[in-house]
2 protein chains.
Amino acid sequence: MPPAATRRYVSSILTSDFEKRLKEVESKMAKDIRVQKTFEALFALEDIREIFRGTLPTGLNETEEQEFHKKVSALKKIINELESGKGNPEISKLAGTLPIRDREEPFINIQPIQAAGKLTVEARKALIAYGDGYSTCDSCKKPFRLDKITKPGIADFHSELAEFLNLDEARVVPGARRGFQAVASSLLEKGDIAIVSSLSHYTEFLSVENAGGIVKEVPLNEKNIITAEATAEKIEAVIRETGKTPKIVMIDHFDYQLANEHDIKDISKVSHQYDIPLLYNGAYTVGVMPVDGKDLGADFVIGSGHKSMASAAPSGVLATTEEWAPVVFRTTQMKGDLTDRRFGIKEVEMLGCTLMGGTLFSMMASFPAVKERVKHWDEEVDKSNYLIERLLSISGSKVLSEYPRKHALSKIDTTDSFDKVAKNHPKRGYYLSDELSKRGIVGLFPGATKAWKLSTYGLSTDRVKYLGDSLVEIAEKYGLEVR
Amino acid sequence: MPPAATRRYVSSILTSDFEKRLKEVESKMAKDIRVQKTFEALFALEDIREIFRGTLPTGLNETEEQEFHKKVSALKKIINELESGKGNPEISKLAGTLPIRDREEPFINIQPIQAAGKLTVEARKALIAYGDGYSTCDSCKKPFRLDKITKPGIADFHSELAEFLNLDEARVVPGARRGFQAVASSLLEKGDIAIVSSLSHYTEFLSVENAGGIVKEVPLNEKNIITAEATAEKIEAVIRETGKTPKIVMIDHFDYQLANEHDIKDISKVSHQYDIPLLYNGAYTVGVMPVDGKDLGADFVIGSGHKSMASAAPSGVLATTEEWAPVVFRTTQMKGDLTDRRFGIKEVEMLGCTLMGGTLFSMMASFPAVKERVKHWDEEVDKSNYLIERLLSISGSKVLSEYPRKHALSKIDTTDSFDKVAKNHPKRGYYLSDELSKRGIVGLFPGATKAWKLSTYGLSTDRVKYLGDSLVEIAEKYGLEVR
């Protein structure tokens, strides 16, 4: 039975105000009011913009001019506070309910799935300019399909995406999962089998289930890797047991659990020996490291915009080969029985157009930066290994992912280090997230001290060093041995 | 054969620089530099925000402080230009390729599908604060599903959405089309029949085709309305001819072509007499007028966020009854054959979570305004009728939609008015969009002078009056009779 103080503490957390308390802890950090003032200035400018959005093309009338100057005065006051770093927060909620999210500004965010999706500054500007839903459609003309729009250059962007992944055709989709869905729906009939990894993401399961298919998992080897050999054996076993050749092999290049690298290139060779197409799940690779679809032998490459391409959600990409494009991007054959209507160029799996407005434009605006950053993947891996090294210097800590790391995301095990402290700490496991928060580090799953994940993707060298220092500092504070 | 000047003009348009020329025309309007400066100030603030997004939690270092003050100085210069209305545009493209979209600011936009999707100011602020893809997931905890997240109040928003539509359960989806897809995929087996309207949207066709079904269209009456009687006859005919009872009736309350109102309430009664569920397509109603699912007898209500709920794209809502929720929101039953993994709470058709980040938060931020604005639908209809009246005062003009109008979107026919001018104008049909552009009105399909669509939704009374005046003024300029 834990002591009364602990029970009260845990109970206070469980009664849901953990977030509130965390905020209190966070606010103890000398929080820079200038972040808040940056937001307030952005919002004040949107208020000004709103005047123009409601006026006549002939210009502001007298009342609107007065309103404009009043709002500009308010803005200037905010800018002065921004400049001087003085002042108090004036806005706490948007639309009455939404707190201002300032997680990426004063904090280092190690949340594993958020790191590579964070918007670039160009993407944020594009969201501002193109936030309206159908902003993609201003110059849409025949044949009326998203990927054919030339102003702005959406058609070019689609070609560049295909080229970037070295495949023949690409479409944007509302998240990688919608790419899996399109492929599964195109290739699987009821009862058909899809080979997946034992570490596959749940959205691969769901896409197969949605198509009426069945998943069969390839086992991991002793190093938690999916090998070509294991894949071949699984295919053989499925054929032997069911008499059916699987219709697709879906493999994550780096999986979401450990971010281990799987033998995708050899797996694609094996799949092709059985004439089974390979779906390359690049949710953790497309947009952060170079991905060459042809070289990998992938029939489908799927990436996630909001996970790894610095894009607003939901977004993603589905690229394929000349061979498979007519299957997965097949156009509608349906005809109205009365009207004889046909919608010939619309693609069935895409349901016509997919990503409109700011979501797509955020992808496009981040794309130049994304193309550049994949060239520096080795530096990201170095930072990841540096951090893991620091962590491993804390006696008892382990890395559950393959090591040395080949990815920025890692799963670690601190059962024999940080969790030992938790056992006797009045705050239990929450002490660690608290200690990190106090140091401006967020994104650790609150309360986690055993197995947990983090990502160093996109953090500057200084930030990674600060993160390593902080972990070591906390370990030392609680008397853990540091080598 | 048209004269050489016309041919040159048309050819210049066809060779793709129509947009450029249009911009030239537009720029002749005394364009308010303050709109441009508002954008530039917003972008400058994002540049400042970027400094904080890259620094250490301990605060800016000396170099960063210098950069900060330099950028604040640049911002202040922009603010001064904004205030004085003087200065020149300094930024023309984002990320090197994307022009700044200022369509809603200096212009009146009558583009029919864009009107009710335009973001509210609160939605634009939410996009700024929550643009990062996984910003929804900061406080995601067990059972790890989007609609269960309580901080911020995503779970509450889902309940409110269901209540707003007076149905039992609601989910957000990446566009209305993904709602059709979820329902069609849940209800239709290969060869099953879906009843749709002769004016149905192509995405209904595609969703049925994707599920392996077949569409059968209900004919329009002489007033271009789908009646309950015609629906019953079609159902009877289908049963007679195929021996199969249709699995679903999908009807648009207001269709996308004419925005005529169809007898949805009686159609749902008829459908239920055959035990066929009714899908209410509310792409043009949910978010602009009151929609009471229970009263309408709808089994599924589908709305579009970016079409009618002032939300970023792709977004939408799928609401249903207690009876159908277990079907369309069924959870996964798939089990990993090796690992025994299950993902119990994830919904198959939703593929787990649907809308993350700014897209969802823009819906949530606009929602209070949306709930309020549906109460003022009659005012929107009044403005629509006012505009159509002005148009009909131009001799030869007709309205193809039902009249008096019951919707803000209308299809009109100016073959015997504006198109008569086009026949002899060197710019052909483009003269009309040019004349409108010159007056700050955009969104007319360039070149259209016969049948075209427009929407007055959300325009102020002054703007609608200005629009009416402009149409009449252009008619008079070209010698058309105005009554």
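Two residues are taken to be in contact if their C-beta atoms, placed from the backbone, lie within 7 Å. The structure described here is a predicted model.

On this basis, one point of contact between the chains involves helix H2 of chain A, which spans residues 33-54, and helix H4 of chain B, which spans residues 121-130. In H2(A), the residues that take part are Phe39(A), Leu42(A), Phe43(A), Glu46(A), Asp47(A) and Glu50(A). Their counterparts in H4(B) are Val121(B), Arg124(B), Lys125(B), Ile128(B) and Ala129(B). Sorted by class, this contact of H2(A) with H4(B) contains 6 nonpolar and 5 charged residues, and no polar ones.

The geometry of this helix pair was also computed. The axes of H2(A) and H4(B) come within 10 Å and cross at roughly 150 degrees. Because angles over 145 degrees count as roughly antiparallel, H2(A) is roughly antiparallel to H4(B). The crossing of the two helices is right-handed.

The contact between the chains as a whole involves 117 residues of chain B and 118 residues of chain A. On the side of chain B that touches chain A, the element giving the most is helix H2 of chain B (residues 33-54), with 15 residues. By class, this side of chain B comprises 56 nonpolar, 29 polar and 32 charged residues.

The two chains are related by symmetry. Chain B is superposed on chain A by a rotation of 180 degrees, with 0.0 Å of shift along the rotation axis and an RMSD of 0.0 Å. This is therefore the relation of a two-fold axis. Within chain B, the C-alpha nearest the axis belongs to Leu42(B), at 3.0 Å from it. Both copies use the same surface, as 100% of the contact residues of chain B recur in chain A.

Within chain A, the domain assignment gives domain 1 at residues 31-106, domain 2 at residues 139-355 and domain 3 at residues 375-477. Helix H2 of chain A, at residues 33-54, can be set beside domain 1 of chain A, at residues 31-106. Between domain 2 and domain 3 of chain A, the C-alpha centres are 33 Å apart. Contact between these two domains of chain A is made by 12 residues of domain 2 and 11 residues of domain 3. The side of domain 2 of chain A that touches domain 3 of chain A has, by class, 7 nonpolar, 3 polar and 2 charged residues.

Note on methods: Residues are numbered from 1 along each chain as its sequence is written. Chains are lettered from A and ligands numbered from 1 in the order in which they are written. This is a predicted model: local features need pLDDT of at least 70, side-chain atom pairs count only at pLDDT 80 or more; totals for chains, interfaces and linings use all residues. Axes are lines fitted to C-alpha atoms, for helices over the stretch in contact, and angles run from 0 to 180 degrees between N-to-C directions. Helices (H or I, at least four residues) and strands (E, at least two) are DSSP runs, numbered from the N terminus. Angles under 35 degrees count as roughly parallel, over 145 as roughly antiparallel, 65 to 115 as roughly perpendicular and the rest as oblique. A crossing is left-handed if the near helix is turned anticlockwise from the far one by less than a right angle, and right-handed if clockwise. Ala, Val, Leu, Ile, Met, Phe, Trp, Tyr, Cys and Pro count as nonpolar, Asp, Glu, Lys and Arg as charged, and the others, Gly among them, as polar. Copies are superposed by least squares on the C-alpha atoms of residues with pLDDT of at least 70 in both. Domain bounds come from an automatic or database domain assignment.
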